[in-house]
Amino acid sequence: MARALDVLGERWTLLIVRELLLGASSFGDLCRGLPRIPRATLSARLRVLRAAGVVDGYRLTDVGAALAPVVRELARWAIATDSAALGEDDLDTAALTWDMRRRVDVAALPDRRVVLAIEFTDRPISDSRFWLHLSRTGVDLCRDDTGAPVDIWLTTPTRAATEWWLGNLSWQQLLRQPGVQVHGDHGLQRELPRWFTRYLFTPESLGMAT
């Protein structure tokens, strides 16, 4: 166990493994999935993982992929204990919306492009507005308004959206949270919950009661 922690015990290391398990395939993908990690730290952790045979380029080796149950059990432990509860400083709109971008079920989308705008009402303007351009051929996340017509506007406090994404709230429960509003095409609003598979390690996906 001590030798394993020599490789995996530094801060950010297992989160890098998690990002690679979730499909990150470049340095930029890792930065977007972990927006608070210093770039120099990311480079250093990747060197350690490569030297240990966990990572080859930006791909997990068989040795690295074998860490999936470890990451899964850490997620299960975090859900089961108050010791790892999310504080306000842990909430990150950039990380949340990036995960939303990559957890879209494109087969569930309409047969035309849809723009979902999200405004986090408790964040400064630089971190408050995001636009998801959704289509069956690809999903783009924008930090700036491209001028494309918005089909659905979601305004929400960061914690409420995060709790929905983590599987602690249903979509209908999210809509009943203080400060949450949805505007736009009513038909698309009904379909929206089916577009997102939410966080990989929700209590439901881990076989835990919510």
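Trainee: How many bridges join β3 to strand β6 (residues 152-156)?

Mentor: Strands here are DSSP runs of E with at least two residues, helices are runs of H or I with at least four, and both are numbered from the N terminus. Two strands pair if DSSP finds at least two bridges between them. β3 and β6 run parallel, and the number of bridges joining them is five.

Trainee: What kind of model are we looking at?

Mentor: Residues are numbered from 1 along each chain as its sequence is written, and side-chain values use heavy atoms, with hydrogens and water left out. Local features need pLDDT of at least 70, side-chain atom pairs count only at pLDDT 80 or more, totals for chains, interfaces and linings use all residues, and the model itself is predicted.

Trainee: Which residue of β6 is the bridge partner of E119?

Mentor: Look along β3, where E119 sits opposite a residue of β6. That bridge partner is T155.

Trainee: Which strand is joined to β3 by six bridges?

Mentor: This neighbour runs antiparallel to β3. One of the bridges pairs V114 with L134. The strand covers residues 129-135 and is β4.

Trainee: Is strand β3 (residues 114-120) largely enclosed or open, and why?

Mentor: A residue is buried under 20% relative accessible area, exposed over 50% and partly exposed in between, using a 1.4 Å probe and protein chains only. Six of the seven residues of β3 are buried, so the strand is, with respect to the rest of the structure, largely enclosed.

Trainee: Which residue of β7 stands opposite W153?

Mentor: β6, home to residues 152-156, has four of its five residues buried. Four bridges join β6 to β7 (residues 181-184), and the two run antiparallel. Opposite W153 in β7 you will find H183.

Trainee: How many salt bridges are counted?

Mentor: A salt bridge is a side-chain nitrogen of Lys or Arg within 4 Å of a carboxyl oxygen of Asp or Glu. Side chains of opposite charge can pair when their charged atoms come close. By this rule the count is 15.

Trainee: Which residue forms a salt bridge with D92?

Mentor: D92 is buried, because its relative accessible area is 18%. Its partner is partly exposed, at 44%. The closest N and O atoms are 2.9 Å apart, and the partner is R36.

Trainee: How many residues apart are D92 and R36?

Mentor: D92 is in the loop between α6 (68-80) and α7 (93-102). R36 is in the loop between α3 (27-33) and α4 (39-51). The pair thus links distant parts of the chain, and the separation in residues is 56.

Trainee: In which helix do E73 and R76 lie?

Mentor: These two form a salt bridge, with their closest N and O atoms 3.2 Å apart. E73 is partly exposed at 42% relative accessible area, and R76 is partly exposed at 25%. Because they are three residues apart, about one helical turn separates them in helix α6.

Trainee: How many residues apart in sequence are R159 and E88?

Mentor: R159 forms a salt bridge with E88, and the closest N and O atoms are 3.0 Å apart. R159 lies in helix α8 (residues 158-165) and E88 in the loop between α6 and α7, so the pair ties together parts whose separation in residues is 71.

Trainee: How much space lies in the largest pocket?

Mentor: On a 1 Å grid over the protein atoms alone, a pocket is an open set of points with protein on both sides within 12 Å along at least five of seven lines, a cavity is a set where a 1.4 Å probe fits but cannot get out, and lining residues have an atom within 4 Å of a point. Points are joined across faces, edges and corners, and a volume is the space filled by probe spheres set on them. For the largest pocket this comes to about 1500 Å³.

Trainee: Which element gives the most to the lining of the largest pocket?

Mentor: Domain 1 (1-81) and domain 2 (88-194), whose bounds come from an automatic or database domain assignment, both give residues to this lining, so the pocket lies between them. With six residues, the element that gives the most is α6.

Trainee: Which residues line the largest cavity?

Mentor: The largest cavity has a volume of about 30 Å³. Its lining divides into five nonpolar, no polar and no charged residues (nonpolar: Ala, Val, Leu, Ile, Met, Phe, Trp, Tyr, Cys and Pro; charged: Asp, Glu, Lys and Arg; polar: the others, Gly among them). The lining residues are M100, I118, L154, A161 and W164.
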